[in-house]
Amino acid sequence: MRIFLKVWRQAGPRADGELVDYTVDSVSPDMSFLEMLDVVNEGLIVRGQDPIAFDSDCREGICGACGFLVNGVPHGPDPGTTVCQLHMRRFKDNQRLVLEPWRAKAFPIVKDLVVDRSAFDRIIQAGGYTSINVGGAPDGNAIPIPKPVVERAMDAAACIGCGACVAACKNASAALFTAAKVSQLAQLPQGQVERRGRAIAMVERHDAEGFGSCSNEGECEAVCPKEISISNIARMNREYLRAVLL
Ligand code: SF4
Ligand code: FES
């Protein structure tokens, strides 16, 4: 396959950026998207040019490190798929692809396709710890939790913190991310002691980081590689209201 790329190149946070054209020949349909970029970078390095900076780590869809826009869609065209799991067979020979970093005030560009997502870390930090009476090793079934509750908590815990929800949202809101983190603990017995303070601190940290408000567009759920449901945002709003009113 031959692929025509337009890639956002920006040398640093304060530098001007621009879209730069690259033609990639001999792309195997079995390559992952990031392997295709590795090949582009090897060519750039051989020619003494600066390789394209992009984030990745596990390349298995579990760490949340990767992510950029492919033709305007966070993580590209496949639902429930991170860009590291996307394969070139998904595209056509001679296809044109535009690659851009997440665009959000709270995610400043570091270089090329890499953005600073440390705002997410600070939201999680604001959530603090959970108080658990450790005692002796508890029996696995000592705290019975109904299966539907466990499933809902685990579905929320699947969030990998990639930031695609922010990139897809016209308000650059991180409501889906924050809601997933609030929801995973609010529903379990282990998360009850700090439940009220956690909801308030995480929502307030979200706003302080410069993320926008949620206006129920649903774009976040549509692009989320872990298919986190926006019902978690409704739960976060209930948790927050309950915390400030009671
Ligand atoms: S909610 Fe989904 S899109 Fe947002 S950070 Fe978590 S995994 Fe990524
Ligand atoms: S590199 Fe870990 S999720 Fe993509």
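The sheet, the helix across it and the largest pocket are described here for a predicted model.

The sheet is open and has 5 strands. Their order is β2-β1-β5-β3-β4, with mixed pairing. The edges are held by β2 (17-24) and β4 (73-74). Each of these has a single partner strand, so one side of each is left without a neighbour in the sheet. Within the sheet, β3 and β5 are antiparallel partners. Strand β3 covers residues 69-70 and β5 covers residues 95-100. The two are joined over 2 bridges. In this pair, Val70 stands opposite Leu99 of β5.

Helix α1 spans residues 33-46 and lies across four named strands: β1 (3-10), β2, β3 and β5. Its direction relative to β1 is about 75°. One of the strands under α1, β2, is thus also an edge strand of the sheet.

The largest pocket holds about 200 Å³ of space. Three helical elements each give two or more residues to its lining: α5 (175-186), α6 (195-208) and α8 (231-245). Of the elements, α8 gives the most, with 5 residues. The lining comprises 14 residues. Nearest the pocket centre lie Val203, Asp207, Cys214, Met236 and Asn237. By residue class, the lining of the largest pocket has 7 nonpolar, 6 polar and 1 charged.

Notes. Residues are numbered from 1 along each chain as its sequence is written. Chains are lettered from A and ligands numbered from 1 in the order in which they are written. This is a predicted model: local features need pLDDT of at least 70, side-chain atom pairs count only at pLDDT 80 or more; totals for chains, interfaces and linings use all residues. Side-chain values use heavy atoms; hydrogens and water are left out. Two strands pair if DSSP finds at least two bridges between them. Contact means heavy atoms within 4.5 Å. Axes are lines fitted to C-alpha atoms, for helices over the stretch in contact, and angles run from 0 to 180 degrees between N-to-C directions. On a 1 Å grid over the protein atoms alone, a cavity is a set of points where a 1.4 Å probe fits but cannot get out, and a pocket is an open set with protein on both sides within 12 Å along at least five of seven lines; lining residues have an atom within 4 Å of a point. Grid points are joined across faces, edges and corners, and a volume is the space filled by probe spheres set on the points. Ala, Val, Leu, Ile, Met, Phe, Trp, Tyr, Cys and Pro count as nonpolar, Asp, Glu, Lys and Arg as charged, and the others, Gly among them, as polar.
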